[in-house]
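User: Hi! Could you walk me through the pockets and the ligand site of this protein?

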Amino acid sequence: MEIFVVPTASATGSVAAGILAAVVRSKPDAVLGLATGGSPLPVYRALAEHSVEMGAVRGFALDEYVGLPAGHPESYAEVVRREVTVRLGLDPAKVAVPDGGAPDPRQAAANYDAAIARAGGIDVQILGIGHNGHIAFNEPGSALDSRTRVEVLTERTRQANARYFASPEDVPTQCITQGLGTIMEARHLLLVVNGADKAEILAAALQGPVSSDCPASVLQRHAHVTVVADEAAAAKLAPGTGEVTVRVAGAAVGV
Ligand code: F6R
């Protein structure tokens, strides 16, 4: 595991975007796993500044709410369209999001895993982490080998995401999420973490026991993980966490 600690959230975007741009330059039809939420937004913004042709890149979103009307601005289909597909010039036909409006969401979830496999698997999976240690919407208690499936969102997650909705009751109660086993099959995991409110859970995920109580702890078992954290989020990491820790100064990342 390599860990980059940078001064600010915007610098996490610069570092992670540099990694992604290098991947796409060497493999123009790379398969990217796309996280939503706040953490990856600086990544997509910084990646848009790179002169790298993204038209052949394929993308799979991590998750989607179940039951939002098609075109809802906070559905992850819409967020991915706005923040990733349009911003980066991806071909919409090459970008998939789990179908949260499917008549049979369980079948849609199974179909999604099959589609990832048909694409040859994910080259780089971008991830954020929730305050309860979730990655994608794998809430505490999720099996470490779980597949893409329908999940019930915890109240903690619904509260965290209420900021995107007119009222907290509007946050859906269910989602389709890539499973932890699905995520672990990606060849490279790129975790982006910002803010002091994530310091405790980041330390638990990277240094604590590997357990479904903290789903992100499964990352410790993956052979190729890159963590890009700002100083506030990295504040509780013990020295020596990860095989390589690089502290990047402000000037090196344009801050
Ligand atoms: C988003 C996702 C979630 C978020 C996590 C952190 O697709 O799967 O796991 O990455 O909830 O969200 P932010 O970045 O908004 O703190």
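**Pockets and ligand site**

User: What volume does the second largest pocket have?
Analyst: Happy to help, and please keep in mind that this is a predicted model. The second largest pocket has a volume of about 160 Å³.

User: Which residues are the closest to the centre of that second largest pocket?
Analyst: Its lining is made up of 14 residues. By class, these are seven nonpolar, five polar and two charged. The closest to the centre are Glu64, Leu68, Ala70, Gly100 and Gly101.

User: And how much space lies in the largest pocket?
Analyst: Rolling a probe the size of a water molecule over the atoms shows where empty space is left. For the largest pocket, that space comes to about 450 Å³.

User: Which helix gives the largest share of the lining of the largest pocket?
Analyst: The lining has 26 residues, with Gly37, Ile129, Gly130, His134 and Lys198 nearest the centre of the pocket. It divides into nine nonpolar, twelve polar and five charged residues. The largest share is four residues, from residues 155–161, and that element is helix α5.

User: Which residues come nearest to the ligand?
Analyst: There are 15 residues around the ligand. Those that come nearest are Thr36, Ser39, Asp63, His134 and Lys198.

User: How much of the ligand's accessible area does the protein cover?
Analyst: Let's start with the polar contacts: a polar side-chain atom of Ser39 lies 2.4 Å from a ligand oxygen atom, and one of Lys198 lies 2.7 Å from a ligand oxygen. Ala136 takes part through a backbone N or O atom, 2.8 Å from an oxygen atom of the ligand. On its own the ligand has 410 Å² of accessible area, and the share that the protein covers is 92%.

User: Which domain does UniProt place at residues 16–224?
Analyst: In the model, this span is 32% helix and 15% strand, and its end C-alpha atoms lie 14 Å apart. The unreviewed UniProt entry gives the name as "Glucosamine/galactosamine-6-phosphate isomerase".

Note on methods:
Residues are numbered from 1 along each chain as its sequence is written. This is a predicted model: local features need pLDDT of at least 70, side-chain atom pairs count only at pLDDT 80 or more; totals for chains, interfaces and linings use all residues. Side-chain values use heavy atoms; hydrogens and water are left out. On a 1 Å grid over the protein atoms alone, a cavity is a set of points where a 1.4 Å probe fits but cannot get out, and a pocket is an open set with protein on both sides within 12 Å along at least five of seven lines; lining residues have an atom within 4 Å of a point. Grid points are joined across faces, edges and corners, and a volume is the space filled by probe spheres set on the points. Helices (H or I, at least four residues) and strands (E, at least two) are DSSP runs, numbered from the N terminus. Ala, Val, Leu, Ile, Met, Phe, Trp, Tyr, Cys and Pro count as nonpolar, Asp, Glu, Lys and Arg as charged, and the others, Gly among them, as polar. UniProt positions are given in the numbering used here, feature names are shortened, and annotations may be inferred rather than shown by experiment. A residue is near a molecule or strand if one of its heavy atoms lies within 4 Å of it. A polar contact is a pair of N or O atoms within 3.5 Å; within protein, one must be able to donate a hydrogen and the other to accept it, and residues adjacent in sequence count only if both atoms are side-chain atoms. Accessible areas come from the Shrake-Rupley method with a 1.4 Å probe; for residues, only the protein chains shown count as cover.
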